[in-house]
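Here is a walk through one structure, taken a few contacts at a time. Keep the model open and follow along.

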Amino acid sequence: MHDNVLALLSGDLSPSARIWTALAPALFAVAYFLVGLVLFCIRCAIKGIPRDAETLTRGKSVLVGFFLRHYFFWVIQPLWRVLLRSGLPANALSMLSGLLGVSSGVAVAAGRFALGGWLFLLAGVLDVMDGRVARTRKEANPAGAALDSVLDRYVDSAMLMGLAWYYRDTWVLLPALGALLGSSLVPYVRAKGEGLGVSVRDGAMQRLERVLFLGVGTALSPILEALFWPEQKHPMHWLAVAGLVFVAILSNVTAVARFRTLVAALTPKKPVQPRSNVALFGFNAAAGAIATVVDFAAVLAMVEWAGLSPVWATVAGCVLGGVVNYSINRVITFRSNGAVAPQLARYTLVSATSALLNAGGVALLTLHPQLAYTLGWWVVRGVVYFAWNLPLQRDYVFNDHASDELMEQRPHAA
């Protein structure tokens, strides 16, 4: 018995023990929630869905809809009543959630994924309870809300930092850092929006989803490792990796979507564009492709047929491609009627800075030899195009309305 306890505390477990330490809590939880789901469905068939008022105000997501959210809060009612009757302050529940969440990060950093995953899930459940307890007792206040929000960031960060430490010598470190970034930005953009009077609660990967996918994947991952790779001293925990990658991608997608919603809501309304954003992107991308083909064909002709040096042919090809790209965008993409000379000057500035950004980005990524330079080239091209070229061509180079306003602001000669 003594040896078993020491093995459990140290993590030096046999494959079967690793399976049961991960599976035993899962079996209990699955049994509870499955029985609860059956009873919930029967209750819904007889009396309708028991709608949780707070859930309705928080909204839903693609991954976890209203039905599942109502079911979850219905099935944990027994635990909620126990906590409510215990008399524990809501802030104490918040602190307990924070302590368990930080402990989960310490556990996964040491390779104890089952322990860390279940602690993280329990911390998430307590995080749901504390605010409800405070509101039911009419003890909710800004100080408690601030404490809860900050502790949530510590819990998420601790878990992801623990995973990053465990995977520090593998490629999984990158999605761990990506998940840390996305999980921080999602609530930050929401808080920034609320401070500016804009509600941005949409997105697929909110906190409930992050806790669910990351916690379950981490808690159950030792089962697969013990079944298929029992001899590995530092297992990859592939189920946890899948959950981590999923959270990394969707949390950043959610953050970007909220950021776009916030900026769009705060941006002063502009005159209606002659084309939709999708059409602008399509025509702009086509103009770039045509200009590239013209550039390449001109270089081949000048080198192969005219005998020009490749260096001067490249310079001439770039100029010709730029003229073609400018002409197509002016006439077809943006349908601009502005003066040509100022537009060309602005177009040249944007193109020159774009070239510098592309060159600098590729140079930075080549500092990491494990990343293929071709992949880095495409990544940098895509980022610079969407973050710099397209918006500046739309709002700066070919924006006739902005040009007119600029002319009106300039002092006129007497």
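Ring pairs join Tyr326, Phe334, Tyr347 and Phe398 into one cluster. The model is a predicted one. A pair of aromatic rings is described by how far apart the centres lie and by the angle of the planes. Take Phe334 and Phe398. Their ring centres lie 5.0 Å apart, and their planes meet at 10 degrees. Planes under 30 degrees apart count as stacked, so this pair is stacked.

Now look at where the two rings sit. Phe334 lies in the loop between helix H13 (310-333) and helix H14 (340-365). Phe398 lies in the loop between helix H15 (373-397) and helix H16 (400-409). The pair therefore ties together parts that are 64 residues apart in sequence. Phe334 is buried, at 9% relative accessible area. Phe398 also counts as buried, with 5%.

Phe334 has a further contact to follow. Asn284, in helix H12 (residues 277-304), touches Phe334. Leaving aside neighbours within four places in sequence, Asn284 also contacts Asn329, Thr333, Tyr385, Leu390 and Gln393. Is Asn284 buried or exposed? Asn284 is buried, with a relative accessible area of 4%.

Stay in the loop between H13 and H14, where Arg335 is placed. Most residues other than glycine have a negative phi. Arg335 is not a glycine, yet its phi is positive, about 50 degrees. Arg335 is partly exposed, with a relative accessible area of 45%. His237 has a positive phi too, near 55 degrees. His237 is found in the loop between H10 and helix H11 (238-266). With a relative accessible area of 3%, His237 is buried.

Next come H14 and H15. Their axes come within 9 Å and cross at roughly 160 degrees. Angles over 145 degrees count as roughly antiparallel. H14 and H15 are therefore roughly antiparallel to each other. The crossing is right-handed. On the H14 side, the contact includes Gln343, Arg346, Tyr347, Leu349 and Val350. On the H15 side, Gly376, Trp377, Val380, Arg381 and Gln393 are among the residues met. Tyr347 belongs to the ring cluster as well. Gln393 is also a contact of Asn284. By class, the contact of H14 with H15 divides into 13 nonpolar, eight polar and two charged residues.

A second helix pair is H7 (residues 113-136) with H10 (residues 207-228). What angle do H7 and H10 pack at? The angle is about 155 degrees, and the axes are 7 Å apart. That makes H7 roughly antiparallel to H10. This crossing is left-handed. H7 contributes Phe113, Ala114, Gly117, Trp118, Phe120, Leu121, Gly124 and Asp127. From H10 come residues including Arg207, Arg210, Val211, Leu212, Leu214 and Gly215. The contact of H7 with H10 has twelve nonpolar, five polar and three charged residues.

Finally, return to the rings. With centres within 6.5 Å taken as a pair, the count comes to eight aromatic pairs. One of them joins Phe113 and Tyr166, with centres 4.8 Å apart and 65 degrees between the planes. This pair is edge-to-face. Phe113 is in helix H7 and Tyr166 is in helix H8 (residues 142-166). The two are 53 residues apart, and the pair links distant parts of the chain. Both Phe113 and Tyr166 are buried. Phe113 also takes part in the contact of H7 with H10.

Terms used: Residues numbered from 1 in each chain as written. Predicted model: local features only at pLDDT ≥ 70, side-chain atom pairs only at ≥ 80, totals over all residues. Heavy atoms only, no water. Axes fitted to C-alpha atoms, helices over the stretch in contact; angles between N-to-C directions. Helix = DSSP H or I, 4+ residues; strand = E, 2+ residues; numbered from the N terminus. Parallel < 35°, antiparallel > 145°, perpendicular 65-115°, else oblique. Left-handed = near helix turned anticlockwise from the far one by under 90°. Contact = heavy atoms within 4.5 Å. Nonpolar A, V, L, I, M, F, W, Y, C, P; charged D, E, K, R; others polar. Phe/Tyr/Trp six-rings, centres within 6.5 Å; stacked < 30°, edge-to-face > 60°. Buried < 20%, exposed > 50% of the residue type's maximum accessible area, 1.4 Å probe, protein only.
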